[in-house]
Amino acid sequence: MKLVAIEQEGRYRLGVKLNDGIIDILSALEHMPDSAVPTDAMDVIAGGEQAVAILRSYAERLLQTPNYGAALLLREDEVQFGPCVPAPNKIICVGLNYRQHAIETNAAIPQFPILFNKFNNTLTGHLHDVVLPERVTNQVDYEAELVIVIGKTAKNVSKEQALDYVFGYCCANDLSARDLQTRTSQWLLGKSCDGFSPLGPYLVTKNEIADPNDLAIKCFVNGDERQYSNTSDMIFPCDEIVSYISQHMTLVPGDIILTGTPEGVVLGYPADQRVYLNPGDVVTIEIEGLGKLTNRMVSEA
């Protein structure tokens, strides 16, 4: 199942992506009430497989109901997307987690996952403009990343069991202001500007992804392919990441983990060839099975 956050008047409504369109669950419930049906993406994540089953059954019944059905399907161009995980408790990121990316930036191959965090102010949705913070940086870089969405409370879990605690996956663009990132030994400032974590367009349940450690991952800027790799190049694969983090902190449903970016970022070019993102640039992140996440960069007002 593919979940969507529909943004409306500053709030997020739960949507379900089907082949023919998107169901706005709150609108559907006005036509066909069912008190068992969750109406918030975070509740679905916390409810796990049972909540997904209820939602799937409801969508199937809705589409078979005379006078409703297809009439309640929204076209994607009618939807204003929010971040597909609207309110994560934690946003955890893994740095330098692709072997070729470490090589291109002349960094040592990490012996342990390099962890840092972002905050909810960085979250934005598919097709939202991202304001470049030009007053403080002119070196904003793109980073295509696979996101793990936690579905069950995880503490001290083994690598073998780690993926049992995952709800699903989505795309992210871990936008990074490289001059701010490298100003000090801490990366946080360069990673946490407003809108620096576009997320979506869909949150895809794990049953649709056979192996998160073997997915094609790409980034395009203005249609030009900049990154093209596979999650198999991760130094620390998804199961190892979840297990490692759970040894140090308790993961809870709705936590998200950005798992690192492959080679091809602007920082990987020779210094005299680096062209960072500019107003008007359109960045698309594409991951196999998870859809395409697109955002346009714009100037500050």
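**Exercise 1. Threonine 122**

Decide whether threonine 122 is buried or exposed, and find what surrounds it.

*Solution.* Step 1: take the relative accessibility of threonine 122, which is 0%. Step 2: apply the cut-offs: buried means under 20% relative accessible area, exposed over 50%, and partly exposed in between, with a 1.4 Å probe and protein chains only. Threonine 122 therefore counts as buried. Step 3: place the residue. Threonine 122 sits in the loop between β6 and β7 (123-124). Strands (E, at least two residues) and helices (H or I, at least four) are DSSP runs, numbered from the N terminus. Step 4: list the contacts, meaning heavy atoms within 4.5 Å. Setting aside neighbours within four places in sequence, threonine 122 contacts Ile91, Lys191, Ser192, Cys193, Asp194, Gly195, Phe196, Ser197 and Pro198. Step 5: check one of these partners. Glycine 195 is 73 residues away along the chain, but its C-alpha atom is 4.2 Å from that of threonine 122.

Two notes on the numbers. This is a predicted model, in which local features need pLDDT of at least 70 and side-chain atom pairs count only at pLDDT 80 or more, while totals for chains, interfaces and linings use all residues. Residues are numbered from 1 along each chain as its sequence is written, and side-chain values use heavy atoms, with hydrogens and water left out.

**Exercise 2. Cysteines**

Find how many disulfides the structure has, and explain why cysteine 84 forms no bond with cysteine 170.

*Solution.* Step 1: recall the bond. A disulfide is a covalent bond between the sulfur atoms of two cysteines. Step 2: use the rule, a pair of cysteine sulfur atoms within 2.5 Å. The count is zero disulfides. Step 3: test cysteine 84. Its closest cysteine sulfur, in cysteine 170, is 3.7 Å away, so the gap is too far for a bond. Cysteine 84 is buried, at 0% relative accessibility. Step 4: test cysteine 193. Its nearest cysteine sulfur belongs to cysteine 93, 13 Å away, and cysteine 193 is in no disulfide. Cysteine 193 is also buried, at 13% relative accessibility.

**Exercise 3. Two buried side chains**

Find which polar contacts arginine 178 and histidine 126 make.

*Solution.* Step 1: fix the rule. A polar contact is a pair of N or O atoms within 3.5 Å; within protein, one must be able to donate a hydrogen and the other to accept it, and residues adjacent in sequence count only if both atoms are side-chain atoms. Step 2: take arginine 178, in helix α4 (residues 178-181). Arginine 178 is buried, with 3% relative accessible area. Its side chain meets that of aspartate 141 in a polar contact of 2.9 Å. Step 3: take histidine 126, in the loop between β7 and β8 (129-131). Histidine 126 is buried at 10% relative accessibility. A polar atom of its side chain lies 3.1 Å from the backbone nitrogen of threonine 294.

**Exercise 4. The core**

Find which residues touch the most other members of the largest nonpolar core.

*Solution.* Step 1: define the core: buried Ala, Val, Leu, Ile, Met, Phe, Trp, Tyr and Cys residues joined through side-chain atoms within 4.5 Å. Step 2: read the result. The largest nonpolar core has 53 residues, and Val242 and Ile257 touch the most other members. Step 3: follow valine 242. Beyond four places in sequence, its contacts include Ile148, Val166, Leu251 and Ile257. Step 4: look elsewhere. Another core, of 37 residues, lies apart; Leu29 and Met42 are among its members.
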